[in-house]
Amino acid sequence: MTDATDNTTENTDAPRVERIERNEAGKLVVHLVGREEPVVDARLARYFPWSLPGAYISVRDADNHELVMLKELDELDNASRAIAEHELADKIFNPKITRVISHKREFGMTTMQALTDRGRVEFQFNGRNDVRILSPTRGIFRDVDGNTLELPDLNELDPQSRKFISRYF
């Protein structure tokens, strides 16, 4: 008996990932259940990288056509999951701000130079509209090019950096 409020159905004909590996050239290779030839030079992409990083993963071919959508990385065996997690981690360049070196507001745009865990960066953003508050002390800045920089903890910054950044929280 099915629950009348459950509108979801499992598509048993949908392709499924058998395993993920890397070939000798370092390319991602995806083996699909029922398909003889593996997909070489496959790509992985998150649908919701910030809110659901371990769920809704798109498996794509070299031409960027989606082959499979994994609801969760848990669908994979341990070895495949480790490769997928490593591949996805490399996709996100999300430096963490550790100190503000300088900032200037001009024509409605703020230019900030900051030290991050990945080195020194300079980026521009449009004020509070480009800051996503994740908690009272944590946020993400989106620059004018769509790149993101994370502020892991406002309280960990030096007093000058904290004073500047706190105006956006």
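Helices, of at least four residues, and strands, of at least two, are taken as DSSP runs and numbered from the N terminus. On this basis, the predicted model contains 2 helices and 12 strands in the protein chain. Along the sequence, these elements follow the pattern β-β-β-β-β-β-α-β-β-β-β-β-β-α.

The protein chain comprises 169 residues, of which 31% count as buried. Its accessible surface amounts to about 11,000 Å², and carbon and sulfur atoms account for 46% of that area. When contacts between residues at least 6 apart in sequence are considered, 33% are found to join residues at least 24 apart.

Strands S10, S11 and S12 form an open sheet, arranged in the order S10-S11-S12 with antiparallel pairing. Strand S10 (131–135) and strand S12 (148–151) occupy the edges; each has a single partner strand, so one side of each is left without a neighbour in the sheet. From one strand to the next, the twist averages 20°. Strand S11 (residues 138–142) is joined to S12 by 4 bridges, the two strands running antiparallel. Within this part of the sheet, Phe 141 is positioned opposite Leu 149 of S12.

A nonpolar patch of about 430 Å² is present on the surface, made by Tyr 47, Phe 48, Leu 52, Tyr 56 and Met 69. One of these residues, Leu 52, is located in the loop between strand S4 (43–46) and strand S5 (55–60). The relative accessible area of Leu 52 is 37%, and the residue is therefore classed as partly exposed, a category that lies between buried, under 20%, and exposed, over 50%.

Terms used: Residues numbered from 1 in each chain as written. Predicted model: local features only at pLDDT ≥ 70, side-chain atom pairs only at ≥ 80, totals over all residues. Heavy atoms only, no water. Pairing = 2+ DSSP bridges. Axes fitted to C-alpha atoms, helices over the stretch in contact; angles between N-to-C directions. Patch = residues over 30% accessible without salt bridge, like charges linked within 9 Å, V, L, I, M, F, W, Y side chains within 5 Å. Areas by Shrake-Rupley, 256 points an atom, 1.4 Å probe, with all protein chains shown as cover. Salt bridge = Lys/Arg side-chain N within 4 Å of Asp/Glu carboxyl O. Buried < 20%, exposed > 50% of the residue type's maximum accessible area, 1.4 Å probe, protein only. Contact = heavy atoms within 4.5 Å.
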